[in-house]
Amino acid sequence: MACLTSILRLQGVNFKIVVCDNASSDFSYERLKSWLMVNAHGGGGVIELDRDACISRGSGDVDGDIFLVQNGVNLGFGAGVNVGLHFALSQSDMTHAWVLNNDTEVSRNSLREMLIEIECAPDRGICGSKLVSFSERSRIQGVAGIYRPMFCRVSEYGRGVEVDSEADDQLDVARFDYVIGASMLFKRSFLMDVGLFGEEYFLYFEELDLAFRAKKKGYSQCVSLKSIVYHKEGASARKGGGVVSDYYANRSRLIFTKKYNKNYVLTVRLWLVASFFKRILMLDIRKAYNLWAILIGIDTVLEK
């Protein structure tokens, strides 16, 4: 509830909230609905929708301030978010869409600052925030992402830098490859032209895929260093010892390389082979099996 509490305190902007639930099994959807009915403007503006209604976009404008979408199954990050984006695009008053992870808290002016930044140039289609560590709020978690194609590795630019205005002056936010997916603001026109998140990944690399498509269409990206978002960084994905996150990170790494950088498929596969033997030596059999499955093309994740 911490994320929604911080969103409801946003200042200087008019907005509506769309929450997409990927068939969570811990009753979080029910708890969230009950909480919103009490805490969100008396609950009068809370509307429930299902995935089919959002994707069909046949109903036109829907009155309400907060929309709860039950996807019915776990669609992964990209496909799950896309359901909400489909609904947002069906609303005539939607000008921008802010995709925000549920393991975040936002500062009161975070959205306003992103809107200011993205409108500074007509070719800007995506804007990111300054992500700050949730547990250590004096340190930046990342302001943007860096991509290294040889082994398809990614890293956060600005990680570990102190949170202060002097440090901001040293950050070159033009030197990045993609906006980190925990907080991404899009123009409506951008989504209509470039499209939504790629759904082939399930987890990870969706924002890099979108960045590559944006560049091909002539759009630029930006980051607002005044937009502060506190992020827990993979709190959900680390469950179960990180086996699931390890699988999808490596699976998506290979999918992305095959799609955009075929010249590096061999080096990425060699890196996966090396990672497989490393996990064998560490007796991490579940992760080793999952890497082997990726290498031979078995689309199955061993979670337990």
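This short presentation walks through the cores, one helix, the salt bridges and a few single residues of the structure shown above.

Good morning, colleagues. Please keep in mind throughout that this is a predicted model.

I begin with the interior. The largest nonpolar core comprises 28 residues. Leu85, Ile126, Phe186, Phe190, Leu191 and Phe197 have the most contacts inside that core. Several elements contribute two or more residues, including α4 (76-89), β4 (96-100), β10 (183-187) and α8 (206-216). The greatest contribution comes from α4, which supplies five residues. A second core, separate from this one, has 26 residues, among them Tyr29, Ala40, Ile118 and Cys127.

Let us look at Phe197 in the largest core. Beyond its sequence neighbours up to four places away, Phe197 touches a set of residues that includes Phe77, Val81, Leu85, Met184, Phe186 and Leu210.

I turn next to helix α5, residues 110-118. Which residues of this helix are buried? They are Ser110, Leu111, Glu113, Met114 and Ile118. Viewed down the axis of α5, these buried residues fall within an arc of 160°, so they line one face of the helix. Their cover includes β4, β5 (104-106), β6 (124-133), β10 and β11.

Another buried position is Tyr201, in the loop between α7 and α8. Its relative accessible area is 0%. Leaving aside residues up to four places away in sequence, Tyr201 touches Glu206, Asp209, Tyr248, Arg251, Ser252, Ile255, Phe256, Lys259 and Tyr260. Tyr201 and Phe77 are 124 residues apart in sequence, yet their C-alpha atoms are 8.4 Å apart in space.

Now to the charged residues. Side chains of opposite charge can pair when their charged atoms come close. In the whole structure, a search finds twelve salt bridges. One of them joins Arg137 and Glu105, at 3.7 Å from N to O. Arg137 sits in the loop between β6 and β7 (140-142), while Glu105 belongs to strand β5, 32 residues apart. Arg137 itself is partly exposed, at 37% relative accessible area.

A further salt bridge pairs Glu117 with Arg124, with 3.0 Å between the closest N and O atoms. Are these two residues buried or partly exposed? Glu117 is partly exposed, at 23% relative accessibility, whereas Arg124 is buried, at 18%. The cut-off for buried is under 20%.

Asp193 and Lys217 also meet in a salt bridge, at 3.3 Å from N to O. Asp193 lies in helix α7 and Lys217 in the loop between α8 and β11, so the pair ties together parts that are 24 residues apart in sequence. Both residues are partly exposed, Asp193 at 34% and Lys217 at 48%. In addition, Glu200, Asp209, Arg213 and Lys259 are joined into one network by salt bridges that share partners.

Two backbone details deserve mention. Most residues other than glycine have a negative phi. Cys152, however, has a positive phi near 55°, and Leu283 has one of about 60°. Cys152 is in the loop between β8 and β9 (153-157) and is buried, with 0% relative accessible area. Leu283 is in the loop between α10 (265-281) and α11 and is exposed, at 69%.

I close at the surface. Tyr289, Trp292, Ile296 and Ile298 form a nonpolar patch there, with about 370 Å² of accessible area together. Within this patch, Tyr289 is placed in helix α11, residues 285-296, and is partly exposed, at 35% relative accessible area.

Thank you for your attention.

Note on methods
Residues numbered from 1 in each chain as written. Predicted model: local features only at pLDDT ≥ 70, side-chain atom pairs only at ≥ 80, totals over all residues. Heavy atoms only, no water. Core = buried A, V, L, I, M, F, W, Y, C linked by side-chain atoms within 4.5 Å. Buried < 20%, exposed > 50% of the residue type's maximum accessible area, 1.4 Å probe, protein only. Helix = DSSP H or I, 4+ residues; strand = E, 2+ residues; numbered from the N terminus. Contact = heavy atoms within 4.5 Å. Arc of directions from axis to C-beta. Patch = residues over 30% accessible without salt bridge, like charges linked within 9 Å, V, L, I, M, F, W, Y side chains within 5 Å. Areas by Shrake-Rupley, 256 points an atom, 1.4 Å probe, with all protein chains shown as cover. Salt bridge = Lys/Arg side-chain N within 4 Å of Asp/Glu carboxyl O.
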